[in-house]
Structures are given as C-alpha cells and as structure tokens.
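I opened a new notebook page for this structure. My plan was to look up strands, a loop and the nonpolar cores.

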Amino acid sequence: MEITEVKVFPIQEEKLRAFVSIVIDRCFMVNDIKVIQGRDGLFISMPSRRKKNGDFKDIAHPLNNETRRMIEERILTEYEGTVGGPVQRRVHRAENEAALAAVGVSELPQAAAMTPPPAAQTLDEVQEQHLSDSFWTVR
C-alpha cells in the first residue's frame, strides 16, 4: 500500500492543528483525518462519527499498528512541510523499545520542540476549502 497524495489543511484550534485527506494507491481517498496536539506531541485521529450514546466510532481506520504508524508518519511529515518546520510527534515508547533494541539503540531520541504553525484559517474557512477540494481528480 502506498499513500500517493496528501493534502493538509492547517487550522489553529486549541488542540486541532489540521484536517488531512490522503489518496491510497491512486484509487482510494480518505478525508477528515485530523492532526491533534496531545499531551505527548502530535498524533492523527482517523475520521469518525458520533454515535447516539455520545461515543465516537471510526469510519475508516488501519487494522494494525504498523499501518497506523506508516500513515501517521507520512501525514506528520507532510504537516511539517506545510507549517514550515519540525514538530513534536507523539512517541510510541512501548511499541518502539523492542525494535530499537534489535538495532542496538538503547533509548529513544528526544522529540523536537513544537514549532507553532503559521497563521491559519478559521475552522469554517478550512471546512469550506476542504469540502470544495474533497473530490480530487486523481492522476
């Protein structure tokens, strides 16, 4: 599986940093992925909807951690390019320690400091742009 296109729509909310749309293998699109500022850095939230009881249920999501990390890495790399610098990413310590030990690294590097995003559009402006751009023509 290859992510062939990524579009980032930055916004400046308390924790929500951007909406993202991706195209997979030039034939499948996922809209409304969110870049969220968490306590431990940035992470992605897959598209979801609110159920009648108030809980949220993912509409689309990866089926394993390897795929989730691959999608998150690509999205956050594109987000960095959009906001113009490195961002602090959430570190998956428990999942990464065994892999790092296998290649001879004893501890995870410290995350880079969060670079504030440039002046962003309002949420309404981003939603309007996102909706108008959600039917891309795939090359």
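Entry one: β1. I looked up how covered this strand is in the predicted model. β1 is mostly covered, with six of its eight residues buried. I then checked its pairing. β1 runs antiparallel to β2, and seven bridges link the two. At one position I found Ile3 standing opposite Ile24 in β2. I also looked up how the chain gets from β1 to β2. A hairpin of five residues makes that join.

Entry two: Lys15. I placed Lys15 in the loop between β1 and β2. Which residues does Lys15 contact, leaving aside its neighbours within four places in sequence? I found Val35, Ile36 and Gln37. I also looked up the spacing between Lys15 and Leu42. They are 27 residues apart along the chain, and their C-alpha atoms are separated by 9.3 Å.

Entry three: the cores. I noted the background that nonpolar side chains tend to be buried together in soluble globular proteins. Here the largest nonpolar core has 18 residues. Those with the most contacts inside it are Val20, Ile22, Ile33, Val35, Ile44, Ile75 and Tyr79. I then asked which elements give two or more residues to this core. They are β1 (3–10), β2 (16–24), β3 (28–38), β4 (41–45) and α1 (65–83). α1 gives the most, with five residues. Apart from this core I found another, of five residues. Among them are Phe9, Ile11, Leu16 and Phe19.

Key
Residues are numbered from 1 along each chain as its sequence is written. This is a predicted model: local features need pLDDT of at least 70, side-chain atom pairs count only at pLDDT 80 or more; totals for chains, interfaces and linings use all residues. Side-chain values use heavy atoms; hydrogens and water are left out. A nonpolar core is a set of buried Ala, Val, Leu, Ile, Met, Phe, Trp, Tyr and Cys residues joined through side-chain atoms within 4.5 Å. Buried means under 20% relative accessible area, exposed over 50%, partly exposed in between (1.4 Å probe, protein chains only). Helices (H or I, at least four residues) and strands (E, at least two) are DSSP runs, numbered from the N terminus. Two strands pair if DSSP finds at least two bridges between them. Contact means heavy atoms within 4.5 Å.
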